[in-house]
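Me: I should be grateful for a close look at one part of this model, set against the chain as a whole. Please treat the surroundings of that part in one connected account.

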Amino acid sequence: MDHAVPETPPAAEEEPAYEPAGPAPLNVPRTPTGDAEVDAALDRLGDADHLATDGHLEVYEDVHRGLRDALTALDVRPGPPVPPTPPGPRS
C-alpha cells in the first residue's frame with residue numbers, strides 16, 4: 001500500500017504592507033460667489049487638500065467661522081431706506 005505523505009503547503013507569499021494614500025487634492029470645483037469675503041473663505045478649503053485627515057478640522061472650523069462672520073455682517077449693514085408708507089384712508 002502506498003502511504004502518501006501529504007505535501008506541506010507552500011509558504012504563503014508575504015503580502016506587501018498596506019500603505020495608505022497620502023493627502024491628495026479632491027479637485028472639487030468652487031464657483032465664485034461674487035462676495036470677496038465668502039470667496040476667500042471657500043478658497044481656504046483648498047488648504048485641506050494637502051493635509052492629512054486629522055488636519056482638516058482646523059481648516060473647516062476656520063472656513064465655518066469666516067462664513068458665519070460674513071452672514072452676521074449682512075445683518076449689521078444698513079440696508080436702503082424704507083420708503084415712507086403712504087397715508088391710509090381716514091375713517
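Reply: Helices here are DSSP runs of H or I with at least four residues, strands are runs of E with at least two, and both are numbered from the N terminus. By that criterion the chain of this predicted model has two helices and zero strands.

The part chosen for the close look is glutamate 58, with the pocket taken up afterwards. Glutamate 58 belongs to helix H2, which covers residues 56–76. Its relative accessibility is 59%, and glutamate 58 therefore counts as exposed, the cut-off for that class being over 50%. Alanine 48 lies ten residues away from glutamate 58 in sequence, and their C-alpha atoms are 8.9 Å apart in space.

Alanine 48 also leads to the largest pocket. Of the 17 residues that line this pocket, Ala48 is one of those nearest its centre, together with Leu26, Leu45, Asp49 and Tyr60. The lining consists of eleven nonpolar, four polar and two charged residues, and the volume of the pocket is about 280 Å³.

The values for the chain give the wider setting. Of its 91 residues, 11% are buried. The accessible surface of the chain amounts to about 8600 Å², and carbon and sulfur atoms account for 59% of that area. When contacts between residues at least 6 apart in sequence are considered, 41% of them join residues at least 24 apart.

Note on methods. Residues are numbered from 1 along each chain as its sequence is written. This is a predicted model: local features need pLDDT of at least 70, side-chain atom pairs count only at pLDDT 80 or more; totals for chains, interfaces and linings use all residues. Side-chain values use heavy atoms; hydrogens and water are left out. Buried means under 20% relative accessible area, exposed over 50%, partly exposed in between (1.4 Å probe, protein chains only). Contact means heavy atoms within 4.5 Å. Accessible areas come from the Shrake-Rupley method with a 1.4 Å probe; for residues, only the protein chains shown count as cover. On a 1 Å grid over the protein atoms alone, a cavity is a set of points where a 1.4 Å probe fits but cannot get out, and a pocket is an open set with protein on both sides within 12 Å along at least five of seven lines; lining residues have an atom within 4 Å of a point. Grid points are joined across faces, edges and corners, and a volume is the space filled by probe spheres set on the points. Ala, Val, Leu, Ile, Met, Phe, Trp, Tyr, Cys and Pro count as nonpolar, Asp, Glu, Lys and Arg as charged, and the others, Gly among them, as polar.
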